[in-house]
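Q: Please take a close look at a single part of this predicted model, following one strand through its neighbours and on to the space beside it.

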Amino acid sequence: MQLQNATALVTGANRGIGHAFVQALLSAGVQKVYATVRDRNSLEAIRAIDAARVIPLQADVTDRMAVGHLSEQAPDVNLLINNAGVLSFGNILDIPVETIYQQFDVNFYGTLNMARAFVPVLERNGGGAIVNILTLVALASMPGLSAYNASKAAAWSMTQSLRASVADKNITVYGVFPGAVDTDMLAGVDMAKTSPADIATAVLQGIETHQEDIFPDPMSAQFYAAWKQDHKAVEKQFAAM
Ligand SMILES: NC(=O)c1ccc[n+]([C@@H]2O[C@H](COP(=O)([O-])OP(=O)(O)OC[C@H]3O[C@@H](n4cnc5c(N)ncnc54)[C@H](OP(=O)(O)O)[C@@H]3O)[C@@H](O)[C@H]2O)c1
């Protein structure tokens, strides 16, 4: 897909990787970015990035009514970036079940809500792309991120079903599997991290070069290579972390 003159929509655009996507898309020459946020208070700051090309909109991705309204407010989208996500730490035996539900609500159902609402929009616009931001730990679980791993693994499975379901609609579905990224999500975790700007740039390159599965940073590329070779070894390595 050519990004020049595309009309994009990014969820979770007020901070972290989502904010970096808005800036990278503008640099890539898109016509317009709908930058969607959950918190109304961040709408004006988003608009200020580029008042001519950024349209700030508000929706919680877990709210199907709000997501449906979003698809009416952004009828010209041909590139949907499902970026919004949440992470809570905790072992699978101890993490409160409400926290597990919340991870699935945002990371799985939120992504699905957006895809269902926007497939007809993309179809009406002649096709386009849906980009689901997953994670490296969708491939192999880290026990301390138990609910997050599971919600993102489910989102990966859904990504594959979605890809097959829209293949005849001229819509390409991308799965993105970042390693550690330097955002609020991993604040306080002391490890090597890639900048959100580098992730956004790598993902847009992946879209332009049509890589369905995108491993956008050195950590994810390295673990993906190891996982392809011996997935049990990666599982054991993650389990020991
Ligand atoms: N950081 C990493 O190491 C890493 C690695 C792999 C994958 N990822 C994935 O990358 C994506 C972006 O993460 P990030 O690192 O940029 O995290 P972040 O800085 O914590 O930002 C998360 C974004 O998601 C939004 N969000 C959360 N729940 C939402 C909801 N119900 N409806 C709408 N928006 C919601 C947040 O909005 P509020 O400001 O309103 O909370 C925020 O804009 C996530 O899907 C994450 O799982 C991150």
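A: In this predicted model, β1, α1 and β2 together form a β-α-β unit of the right-handed kind. The two strands of that unit, β1 (residues 7-11) and β2, run parallel and are joined by five bridges, and one position in this pairing sets Thr7 opposite Lys32 of β2. β2 also pairs with β3 (residues 54-58), again in the parallel sense and over five bridges, with Thr36 having Leu57 in β3 as its bridge partner. As for accessibility, β2 is mostly covered, since five of its six residues are buried. In a regular strand, side chains point alternately to one face of the sheet and to the other.

The helix and the second strand of the unit also lead to the largest pocket, which holds about 980 Å³ of space. The lining of this pocket comprises 44 residues, of which Gly85, Leu87, Tyr148, Thr183 and Met185 are the closest to its centre. Two or more lining residues come from each of α1 (16-27), β2 (32-37), α5 (146-165) and α7 (218-229), and the largest share, three residues, belongs to α1. By residue class, the lining of the largest pocket divides into 27 nonpolar, eleven polar and six charged residues. β2 can thus be followed in two settings, as a strand bridged to β1 and to β3, and as one of the elements that give two or more residues to the pocket lining.

How values were computed. Residues numbered from 1 in each chain as written. Predicted model: local features only at pLDDT ≥ 70, side-chain atom pairs only at ≥ 80, totals over all residues. Heavy atoms only, no water. 1 Å grid on protein atoms, 1.4 Å probe; cavity = no way out; pocket = protein on both sides within 12 Å on 5 of 7 lines; lining within 4 Å. Points joined across faces, edges and corners; volume = space filled by probe spheres on them. Helix = DSSP H or I, 4+ residues; strand = E, 2+ residues; numbered from the N terminus. Nonpolar A, V, L, I, M, F, W, Y, C, P; charged D, E, K, R; others polar. Buried < 20%, exposed > 50% of the residue type's maximum accessible area, 1.4 Å probe, protein only. Pairing = 2+ DSSP bridges. Right-handed = clockwise from strand over helix to strand, strands pointing away.
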